[in-house]
Amino acid sequence: QLQVVESGGGLVQPGGSLRLSCAASGFAFDYYSIGWFRQARGKEREGVSCISSSGSTTIYADSVKSRFTISRDNANETAYLQMNSLKPEDTAVYYCATVLSLEGSSCPRLAAEYDYWGQGTQVTVSS
């Protein structure tokens, strides 16, 4: 059964850092693109970042560029989102999503392009 599970969320002060993990199981991780999305209370889900199956392509939302870094470890079937210089507006539930991408540089940006989703992990940035 294909599954992705997020972890690493929590409460952090403004300017702090967190690293989210997305652990995959039940599928050939090497052939799947990974996307990170977030949804703040009362707002629509938005794309944060994505990484292609090969890791050759990464894309970031303007709001997180230069602060967040997406990566993946295909050997351990895990993707990561390193979040630095966190701001209160980064507060949201963060979701990991995945989709089969045989083209190694494909990095889907839209939520509708992803087939499988995790349950989410809460990130709260507050003093």
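1. A good place to start is R45: its charged end sits over the ring of W117, at 4.6 Å from the ring centre. Please keep in mind while reading that this is a predicted model. The charged end of R45 also sits over the ring of Y95, and here the distance to the centre is 4.0 Å.

2. Both of those rings belong to one aromatic cluster, made up of F37, Y95, Y114 and W117. If you would like to look at aromatic contacts across the whole structure, there are six aromatic pairs to go through. One of them joins F37 and W117: the ring centres are 5.0 Å apart and the planes stand at 50°, so this pair is tilted. For the tilted class, the plane angle must be neither under 30 degrees nor over 60.

3. The F37–W117 pair also links distant parts of the chain, with the two positions 80 residues apart. F37 lies in strand 4, which covers residues 32–39, while W117 lies in strand 10, residues 116–117.

4. Are these two partners buried or exposed? F37 is buried, because its relative accessible area is 3%, and the cut-off for buried is under 20%. W117 has a relative accessibility of 29% and therefore counts as partly exposed.

5. Now to the sheet. Four strands make up an open sheet with antiparallel pairing, and their order is 1-3-8-7. Strand 1 (3–7) and strand 7 (68–73) are at the edges; each has a single partner strand, so one side of each has no neighbour in the sheet. On average, neighbouring strands here are turned by 15° against each other, with direction ignored.

6. For a closer look at one edge, take strand 1 and its partner, strand 3 (residues 18–25): five bridges connect them in the antiparallel sense. Within this part of the sheet, Q3 is found opposite S25 of strand 3.

7. My last stop is L11, which is placed in strand 2, residues 10–12. Its relative accessibility is 66%, so L11 counts as exposed; the threshold for that label is over 50%. Which residues does L11 touch, leaving aside those up to four places away in sequence? The answer is T124 and S126.

8. If a long C-alpha to C-alpha distance is handy for checking your own script, try L11 and G55: they are 29 Å apart in space and 44 residues apart in sequence.

Note on methods:
Residues are numbered from 1 along each chain as its sequence is written. This is a predicted model: local features need pLDDT of at least 70, side-chain atom pairs count only at pLDDT 80 or more; totals for chains, interfaces and linings use all residues. Side-chain values use heavy atoms; hydrogens and water are left out. Two strands pair if DSSP finds at least two bridges between them. Axes are lines fitted to C-alpha atoms, for helices over the stretch in contact, and angles run from 0 to 180 degrees between N-to-C directions. Buried means under 20% relative accessible area, exposed over 50%, partly exposed in between (1.4 Å probe, protein chains only). Contact means heavy atoms within 4.5 Å. Rings of Phe, Tyr and Trp (its six-membered ring) pair if their centres lie within 6.5 Å; planes under 30 degrees apart count as stacked, over 60 as edge-to-face and the rest as tilted. A charge sits over a ring if NZ of Lys or CZ of Arg is within 6 Å of the ring centre and within 35 degrees of the ring normal.
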